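I opened my notebook to look up a metal site and a pair of helices. Here is what I wrote down.

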Amino acid sequence: MIFRPFATLSINARCRSTKPRAPARHDSFEGWIDNTLSGILTLLSEPPPSRGSFHERVCRTRSGMKSQSKHLILLLFALLMLAACGSGKTALPSATPRQAVIDQPTENPPTGNPGDPPSEQADVIFHNGVVLTMEQDSPRAQALAVRGEQIVAVGSDEQLLALQGPDTHVVDLEGRTIMPGFVDPHSHLFNDAGSVGMDIDQAQQKALEYGITTFADMFVTPEFLQEMQDYQQAGKLRMRTSLYLAYSTNCGDVLGDWYQEFPPTRNPGEFLRIGGVKITADGGTCGRAALSTGYPDGGYGDLWFTQDELNQAVASFQAAGYQVAIHAQGDLAIEQAQNAIEFSLGGSPNLLRHRIEHNPFARPDLLGRYSEIGIIPIAWGEYPTCAEVNDSYYSSYFGQEPMPWLEDWRAFLDANPDLPVAWHGDFPYASLDPFHHLFSYVTRQEMDEDGSICQPPEWLALHRITVDEALPLMTINAAYALFRETEVGSLKAGKFADLIVVSDDPTSIDPLEIKDLQVWMTMVGGTVEYCRPGHETFCLESPEESFATGSIEEGTSVNLALGQPVQVSQSQPDGPPENAVDGTEALWSAGADSPQWIEIDLGGPSLVEAIRLTVAQYPEGETIHRIEAAGPGESLRLLTSLEGFTKENQVLEFRPEAPLTGIARIRITTTASPSWVAWHEIEILGVPQE
Ligand SMILES: [Zn+2]
């Protein structure tokens, strides 16, 4: 696993996890004495820090000596109380450093808890989130830890932060959701990428951006198999990929026994796998679905095989150990596929997990047979509501009679409660975005091309399934359909760290908002494969890395902020914004609690080597300040976030690894503080570029 160091987040989180949190406000005597006592107890119980980074120092200032005499008396009182409790140790808190400097990110930050055995340390800990595990016994958690390629623990914040070691990256999810990466067991992502103007690299990138981490490509010819094997050998394959070798074309032409050279593989952890063979039993993409109800313009659609032919084909694959995936859309084809699987199993359990693909027109009398025979149905997510609502497109094409059967997954789940029914995206025949499929599963609504929502008629609305039912279809059940359920599809210790950070929790938001959910980070096997711009803190990256850098000749830097125009969220009359850039002790005060911001216009693009903030704060306590920056005409982007225990007149300095170039304005937003938000001075050190 490759990480870029980000000392600010990880060190600070260590500070928080190993020491008691200060109350947000402690105006009262009791609050203050509690805080002081806890600080002293912390100091007594911990070994001295091995080095003095900003964060350790701000942690340590918890026990720093107060300058005001009233506080000193209370502190002595607290020490006496401790002595009276029989503590043999005596330790006076050290003086608070007047000026603290943020250390540069370091490969090996100082150790946190020396008692932790190294083998327990995690590479990454995600905490303070909603973890949707897809594990029935423990469906939700707060935190998750990764080591190497694997998940090592899922649990509460407290349990998992204990796995923190010196090199652990700690990611605060800020209440966001982590869930398994989507598993799409039937797609044409790679083999049909060209039909939507993409090459394989681009298709793979898009899928990762939508949070798909495992998929199956369903139409693999000898040439395409070679192409995929070359692709993997070139080190370019980033998603777990199962290939289904084509026995016949979508028009029913048998391609021969070429597949025999390529037996299926089910080795744990393999990225590229021969999943099985694909048979196309009826029309749909070539010709028409085989429907017992007949078409309004005549005929019963296209069955490509006789029952006997299909029986013999499936039986031969069964004998050779191949999983079979049978495309069947009309009820005649579905029935034929069920019969063929039943025939080839001869009463034995379906250990090879033969599947039926699509299943849109399953007649009600066929529903129970999936469970009876043990067949895995693969069910579309997106329903074409708009085409039907706007133009009666489907009912005029297929006739009214089979319409109530069409993709009735509600009936599927009710008839097969113990079967791992699985989703499929079937890109490019439906959206690549799994959240569009989830939205359709749970609302049966669809977003039209103009962005409006097409409402389902009542009979169709009754086919809704719930989010809690749909998510397993798209993760763990789909993994089962690919023989990968012991590796991926749920978040559990020992499985691969294939997971996504999602903007919100699909199980708790209004279902109408599901279609707008965003994937902010996609991880495959412990490696971040996608990071949505602006969300770098969820991706083990420093946001600073998204800024261009330059160089400054030594000794030429000036305070670019001095006397520059300032905007603020609000001001107190006696603490105007200009005071923050006037070079004196005078302060700007918002006269209100956080969040509040102040923004300085540098008057043109500039090279910036440091940002120095002189704290104006009472009472002292935990604060969080986000520093954002932008070039001319650009929108603000997060540069860094300063978190820690701060106090009056402390100087916080942020110094990027290299000077940032083209910076025209800088905003500091205080998002947490026990005090009204204020600054004595903001200095931005650098040189103008024009
Ligand atoms: Zn397909």
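Entry one, the metal site. I found that the zinc ion takes His186 (NE2), His188 (NE2) and Asp426 (OD) as its protein donors, at 2.0 to 2.3 Å. Donors here are N, O and S atoms within 2.8 Å of the metal (3.2 Å for Na, K and Ca), and water is not among the atoms, so sites may look incomplete. Along the chain I read their spacing as H-x1-H-x237-D. His186 sits in strand β8 (residues 182–187) and Asp426 in the loop between β15 (422–424) and α14 (434–443), so this pair, 240 residues apart, links distant parts of the chain.

A note on the model: it is predicted, local features need pLDDT of at least 70, side-chain atom pairs count only at pLDDT 80 or more, and totals for chains, interfaces and linings use all residues. Residues are numbered from 1 along each chain as its sequence is written, and side-chain values use heavy atoms, with hydrogens and water left out.Entry two, burial. I looked up His186 and it counts as buried because its relative accessibility is 0%; Asp426 is buried too, at 3%. Buried means under 20% relative accessible area, exposed over 50%, partly exposed in between (1.4 Å probe, protein chains only).

Entry three, the helices (DSSP runs of H or I, at least four residues; strands are E, at least two; both are numbered from the N terminus). The axes of α6 (residues 200–209) and α7 (residues 222–233) come within 13 Å and cross at roughly 70 degrees. Axes are lines fitted to C-alpha atoms, for helices over the stretch in contact, with angles from 0 to 180 degrees between N-to-C directions. I therefore noted α6 as roughly perpendicular to α7 (65 to 115 degrees; under 35 is roughly parallel, over 145 roughly antiparallel, the rest oblique).
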